[in-house]
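Got the model open in your viewer? Keep the selection box handy, and we'll go from stop to stop.

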Amino acid sequence: FMGTALKVDHGYLGKLSRNITALKDEGLIRFATGDTFSGEETYLRILDAGAFDAIFITLGLANDGGRRRILPEAAARGMAVFAREVYAKGELWKWGEEAGIGDRSLLARAALKWLLAVPEVTTVVVGAGTAEEIMEAVRVVDSFKLTGEEKEALAAVMNTSACRDYREGHRGDFLGG
C-alpha cells in the first residue's frame, strides 16, 4: 500500500493489521510482507504495526536509503528483508557505459553480490528477461565474495555522475516520502 492510504484513513494500518492477524489465526496465511514505494516513514509504520513478518524494499547500490533505519529495525524485530531492483531498473547498464564498462555480466554479478552481502537482506528478487539472465544470477551463489575486478567495477559505477544523481534523488525521495 502507499503512504497516502495512511493519510486518508488514519485507521487503515490498524484495520489491515487486524485482518492479517485474523487470517494468520485462522491458518489462511502463514506470513505477511509489508511493501510500499512511499518511503521511510511508511516503512517505519509497517514495522511498528507488528503484523508483518517481512518487508519488501527497493535496495541497491544507488537505492540505499533503507539501510539507515529500516533494515536495522527489521533485523531487530526478526523480520525478513526481500530486496528488489538490484539493477536499478536497468540504470546500472547506463552507469556502466558512463564508467566505460560494457560487460553487463560483470556489473550484474557485482551488484548482486554487493546486495547479498548486506547483512539484513534475506533474499533478492532478481528481474530477469531470459533464462540465461536467471542462470547468470544463480551463478553468483558459488561465491558471495566480490573479486578485485568486481570491486573496481562497482567503485567506477558508483563514481559516475549518473549514479550519484540517481542515488541523491532516490535517497531524498525515500527519506522524505
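Start by selecting lysine 89, which sits in the loop between E3 and H5. Helices (H or I, at least four residues) and strands (E, at least two) are DSSP runs, numbered from the N terminus. Lysine 89 is exposed, at 67% relative accessibility; exposed means over 50% relative accessible area, buried under 20%, and partly exposed in between, with a 1.4 Å probe and protein chains only. Check the backbone here too: phi of lysine 89 is near 50 degrees, a positive value in a residue other than glycine. For context, most residues other than glycine have a negative phi.

A word on what you're looking at: this is a predicted model, where local features need pLDDT of at least 70 and side-chain atom pairs count only at pLDDT 80 or more, while totals for chains, interfaces and linings use all residues. Residues are numbered from 1 along each chain as its sequence is written, and side-chain values use heavy atoms, with hydrogens and water left out.

Now add alanine 88 to the selection. This alanine is also found in the loop between E3 and H5, and its phi is likewise near 50 degrees, positive in a residue other than glycine. Is alanine 88 buried or exposed? Alanine 88 counts as buried, at 5% relative accessibility.

**Zoom out**

Show the whole chain as a cartoon. You should find 9 helices and 4 strands, in the order α-α-β-α-β-α-β-α-α-β-α-α-α along the sequence. The C-alpha atoms fill a box of roughly 50 × 35 × 30 Å along the principal axes. Of the 177 residues, 41% count as buried.

**Into the strands**

Select 54-58, which is strand E2. Colour by accessibility and E2 comes up mostly covered, with 4 of its 5 residues buried. Next, bring in strand E1 (residues 33-35): E1 and E2 pair in the parallel sense over 3 bridges, and two strands pair if DSSP finds at least two bridges between them. Which residue in E2 is the bridge partner of threonine 33? Pick alanine 54. To get from E1 to E2, the chain goes through helix H3 (residues 40-49), and this β-α-β crossover is right-handed. Right-handed here means that, with the strands pointing away from the viewer, the path from the first strand over the helix to the second runs clockwise.

Stay on alanine 54 and look for alanine 80 in E3, which stands opposite. Strand E3 (residues 80-84) runs parallel to E2, joined by 5 bridges. Helix H4 (residues 70-76) completes another right-handed β-α-β unit with E2 and E3.

Before leaving these strands, show the side chains of arginine 84 and phenylalanine 56. Arginine 84 lies over the face of phenylalanine 56, at 4.7 Å from the ring centre. A charge sits over a ring if NZ of Lys or CZ of Arg is within 6 Å of the ring centre and within 35 degrees of the ring normal.

**Ring hunting**

The structure holds 5 aromatic pairs. Rings of Phe, Tyr and Trp (its six-membered ring) pair if their centres lie within 6.5 Å; planes under 30 degrees apart count as stacked, over 60 as edge-to-face and the rest as tilted.

Select tyrosine 43 and phenylalanine 174. Their ring centres are 5.9 Å apart with the planes at 35 degrees, so this pair is tilted. Tyrosine 43 belongs to helix H3 and phenylalanine 174 to helix H9 (residues 161-176), so the pair ties together parts that are 131 residues apart in sequence. Tyrosine 43 is buried at a relative accessible area of 1%, and phenylalanine 174 is buried at 14%.

Now try tryptophan 95 and tyrosine 166, an edge-to-face pair with 5.1 Å from centre to centre and 70 degrees between the planes. This one links helix H5 (residues 91-98), home of tryptophan 95, to tyrosine 166 in H9, 71 residues apart. Tryptophan 95 is buried at 2% relative accessibility, as is tyrosine 166 at 14%.

While you're on H9, click glycine 176. This glycine is exposed, at 68% relative accessibility. Glycine 176 and glutamate 41 are 135 residues apart in sequence, yet 7.8 Å apart in space, C-alpha to C-alpha.

**Last stop: H2**

Select 12-25 for helix H2, which has 14 residues and reaches 20 Å from its first C-alpha to its last. Its buried residues are Leu13, Ser17 and Ile20. They cover an arc of only 65 degrees around the axis, so they sit on the same side of H2; the arc is that of the directions from the helix axis to the C-beta atoms. Spin to the other side of H2 and you'll meet Arg18 and Asp25, both exposed.

Notes: The expected span of a helix is 1.5 Å times one less than its number of residues.
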